[in-house]
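Biologist: Before I plan around this protein, could we go through its backbone and its side-chain contacts together? Please put the structure up, and I will ask as we go.

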Amino acid sequence: MSVVEELAEFVCGLGYDDVPARVRELTKAQTASVLAAIFAGQHSVDAAAVKSAALTFRPSGEARVIPTGERVGVRDAILINNAYSMALDYDDYLYMGHTGHSAVLVALALGEAEGHSARDVLTAQVAGNEIGGRVGASAVLGPQNGQAWSFIHAIIGAVVASKLWKLSRAETAHALAIALYQPTFTLWPGFMGPGSKVLTSAHPSVVGVEAAAFARAGMTGAREIFEHRRKGFWASFTYAPLPKMLGGLGEAWVSDTLAFKRYPGCAYIDTTLDALFAALAEFRHERGRALAPEEVRRIVVDASLLTVEMDNLSSEHVHADEPLSPVNINFSIPFNVGIAIAAGKHDGAALAQTELDARAVLIRELAAKTELRHDWGMSLAVVRAFDGVLGGGGVMAELRPSQALAILAGYQRQLGGAKRTGVRPAALMGEWSAISRMLRAARRRASSGVAGSRDFTGFRMVFPAEVTLETNDGRSHRARKDVPLGAPGLEGRAAVAHDKLVHEAQPRLSPEGAARLSECVRNLELAPIAALVDAACGR
C-alpha cells in the first residue's frame, strides 16, 4: 500500500474503545488548552481582523465563534477560532507538531454543526493528533519546523472530517492526498513579525476539510503524494525523509506526548519562565517581599540550541522604534523575561496590547539586562530525549553521510547570518565524548538488527534552561528546569491544561462559568458537543 492508504486504514479502523483511557484524558485536556488559548487570544487585534473580515460576508450556519457565540458556517468557525487560538502561540504540542488548533477546532465545528456524538468527535480528534504528529516527525529534518509545519493542519483537517463523515478507506486516502497536493508552509517574515501569523493554522485547517469534501464527492488524489522521488511531499519538504516515523499506529500513541503550555509564547520559553519564577520565589522567601524590577542588575539564561535559534530568528523582527506586540516577542527570551518581571505574571492578559504599551519602557530595560547563552550539554539532552524514544538506533542510525551533509547545509541556510545570541563551537569539544557515545550506541543498535519498541509513554519533553538572577546588592538566585510544567515527564499535565482554561476564561466568564466549562471538557462524552460550546459562550 501507499503511505496515504496505510494512514487511511488506521483512520477508518479506529474506534473510541481502541483509544486507551489515558490518551482520552490527555485529548480532553488538549481541548481545554485550545479553548484557553482562544480566551487569551481575545486581546489580539489581528485575530479580531480575521473575525471582522469573515463576518462581513458570512453565511449563517450551525457552528459558533468562541466565546462570542455568533452563528456561522463551519468554514468560518474553523477560520475565526483558529485565528484566536493561534494569536498568542498559547497552544499545545506533541512529538512532533502543534496539532491542537486543527484537531480540536475542526472536530468541534463539525461536531456542533452536524450533531456528531461526543465520542465520535473525541475519536476523530485522536486520529488527527496521531496522523499530524507522525507527518511532522517524518519531515522533521527539513526547512520547516514546529509551527512552520502548517501543512500538518491540512492533513489533520482531512483526517478529522473523513473520520466524522465515515468516508471509506479509498475516499479517506484521496482526502489525505488532496490535502497535501498544495502543501502550505510559513515564511519567517510573515510568522515572526506581523499579524499574518494568526492565519498559520486557519487556512490549512479549512483546506483539509475541503479536501475531505472533495473526496466524498468523488475527487481523486495522488496515491504517491508522500513518497514520489522527484516532486512528492518528502522530496520537497525534507533534507532526509523519515518514513519510519509513520509507523506504530494503534500500538504506540504519539498523543501520550501531548504538552500544554503554561505561558503564552513559544514552547522554548516555558522552562526559562518556570526557572525564572522559581528564582523569584526564592527571592521572596529570603527577603519576605517580591522583587522590584529596578533591583535587577543582570539575568543570565543558559539554554539549548532550539531556544537560542528561535530567539535569533525573532530578534530581527523586534524594532526599537515600533511598539511591542505579542507576535514579535513570542519567541524572545529577553522580552518574555522582561514581561514576567514587569507584570509579576505571564498570561494572556499580560500580553494584551494595552498592557505591553503601558510597560514597554520597563520591559525593554529588563530585556537589555538579560543575556541568553547556548549550552551544548543542554542541546545534547534534547537530542537524547527526542531520539531515544524511537527505539533501535533512532534517527541518527538511519542517516547516510550524504543526508547528514544535506541537513547541515540546509540548516546553515535557514539559521545562518548574523546572530544576536552566539553559539560557541569551541564549547562543543567539552561534550565530544558524550556525542561519540551517542553515535556509537546508535550504530551498535542499528547493526545488531534490534529495532526496539517505540513507546511514547516514557517520553520526557526536555527543553533545559537555567536562570541566574543577579540583584544590585550583589546577591544571586539560580534555578534550573529541564521539563516544562504541563509537559510529559512531570505529573499533573492534564491539571495544568484545565487550570489554564479556568484562569484564561475569566473575566469573560464568571469564576463559576469557567469552572463549569472545565467540567464540561472533563466529561466531554456525557453531553452533546453543542452543550460544550454553550458553556464556552457563557450560556
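Modeller: Let us start with a cysteine, bearing in mind that this is a predicted model. Cys 537 has a relative accessible area of 12%, and because buried means under 20%, Cys 537 is buried.

Biologist: Is Cys 266 buried or exposed?

Modeller: The relative accessibility of Cys 266 is 5%. Because the limit for a buried residue is under 20%, Cys 266 counts as buried.

Biologist: How many disulfides does the structure hold?

Modeller: A disulfide would need a pair of cysteine sulfur atoms within 2.5 Å. By that criterion, the number of disulfides in the structure is zero.

Biologist: Turning to the backbone, which residue does a cis peptide bond join to Tyr 95?

Modeller: Most peptide bonds are trans. Here omega is about -5 degrees and the bond is cis. The partner lies in the loop between β3 (92-93) and α5 (100-114), and the residue joined to Tyr 95 is Met 96.

Biologist: What is omega for the peptide bond from Ile 66 to Pro 67?

Modeller: Pro 67 belongs to the loop between β1 (63-64) and β2 (71-72). The bond that leads into Pro 67 from Ile 66 is cis, and its omega is near 5 degrees.

Biologist: Asp 89 and Lys 166 each have a positive phi; is Asp 89 buried or exposed?

Modeller: Most residues other than glycine have a negative phi. For Asp 89, found in the loop between α4 (74-86) and β3, phi is instead near 55 degrees. Its relative accessible area is 1%, and because buried means under 20%, Asp 89 is buried.

Biologist: And is Lys 166 buried or exposed?

Modeller: Lys 166 is found in the loop between α7 (151-164) and α8 (169-179), and its phi is about 55 degrees although it is not a glycine. Because exposed means over 50% and its relative accessibility is 62%, Lys 166 counts as exposed.

Biologist: Which residues are linked with Asp 89 in a network of salt bridges?

Modeller: Side chains of opposite charge can pair when their charged atoms come close. In the network that includes the buried Asp 89, the other members are Asp 91, Lys 197 and Lys 261.

Biologist: Are the rings of Tyr 95 and Phe 456 stacked, edge-to-face or tilted, and what kind of pair do they make?

Modeller: A search of the whole structure finds 17 aromatic pairs. In the pair of Tyr 95 and Phe 456 the ring centres are 5.6 Å apart and the planes stand at 50 degrees; since planes under 30 degrees apart count as stacked and those over 60 as edge-to-face, the pair is tilted.

Biologist: How many residues apart in sequence are the parts that this pair ties together?

Modeller: Tyr 95 lies in the loop between β3 and α5, whereas Phe 456 lies in the loop between α19 (432-447) and β7 (465-471). Both Tyr 95 and Phe 456 are buried. The pair therefore ties together parts whose separation in sequence is 361 residues.

Biologist: Which residues form one aromatic cluster with Tyr 95 and Phe 456?

Modeller: The cluster contains both partners of the tilted pair. Its other members are Tyr 93, Tyr 268, Phe 386, Phe 459 and Phe 463.

Biologist: Over the ring of which residue does the charged end of Lys 500 sit?

Modeller: In one contact between a charge and a ring, Arg 24 lies over the face of Tyr 16, at 4.5 Å from the ring centre. The charged end of Lys 500 sits 4.2 Å from the centre of another ring, which belongs to Tyr 90.

Biologist: Which strands does the salt bridge of Arg 298 and Glu 371 tie together?

Modeller: Among the 25 salt bridges found in the whole structure, the side chains of Arg 298 and Glu 371 meet at 3.2 Å, N to O. Arg 298 lies in residues 296-303 and Glu 371 in residues 370-374, so the pair ties together parts that are 73 residues apart in sequence, namely strands β5 and β6.

Biologist: In which strand is Arg 478, the salt-bridge partner of Glu 466?

Modeller: The closest N and O atoms of Glu 466 and Arg 478 are 3.8 Å apart. The pair links distant parts of the chain, 12 residues apart, with Glu 466 in strand β7 and Arg 478 in strand β8.

Conventions: Residues numbered from 1 in each chain as written. Predicted model: local features only at pLDDT ≥ 70, side-chain atom pairs only at ≥ 80, totals over all residues. Heavy atoms only, no water. Helix = DSSP H or I, 4+ residues; strand = E, 2+ residues; numbered from the N terminus. Buried < 20%, exposed > 50% of the residue type's maximum accessible area, 1.4 Å probe, protein only. Phe/Tyr/Trp six-rings, centres within 6.5 Å; stacked < 30°, edge-to-face > 60°. Lys NZ or Arg CZ within 6 Å of the ring centre and 35° of its normal. Salt bridge = Lys/Arg side-chain N within 4 Å of Asp/Glu carboxyl O.
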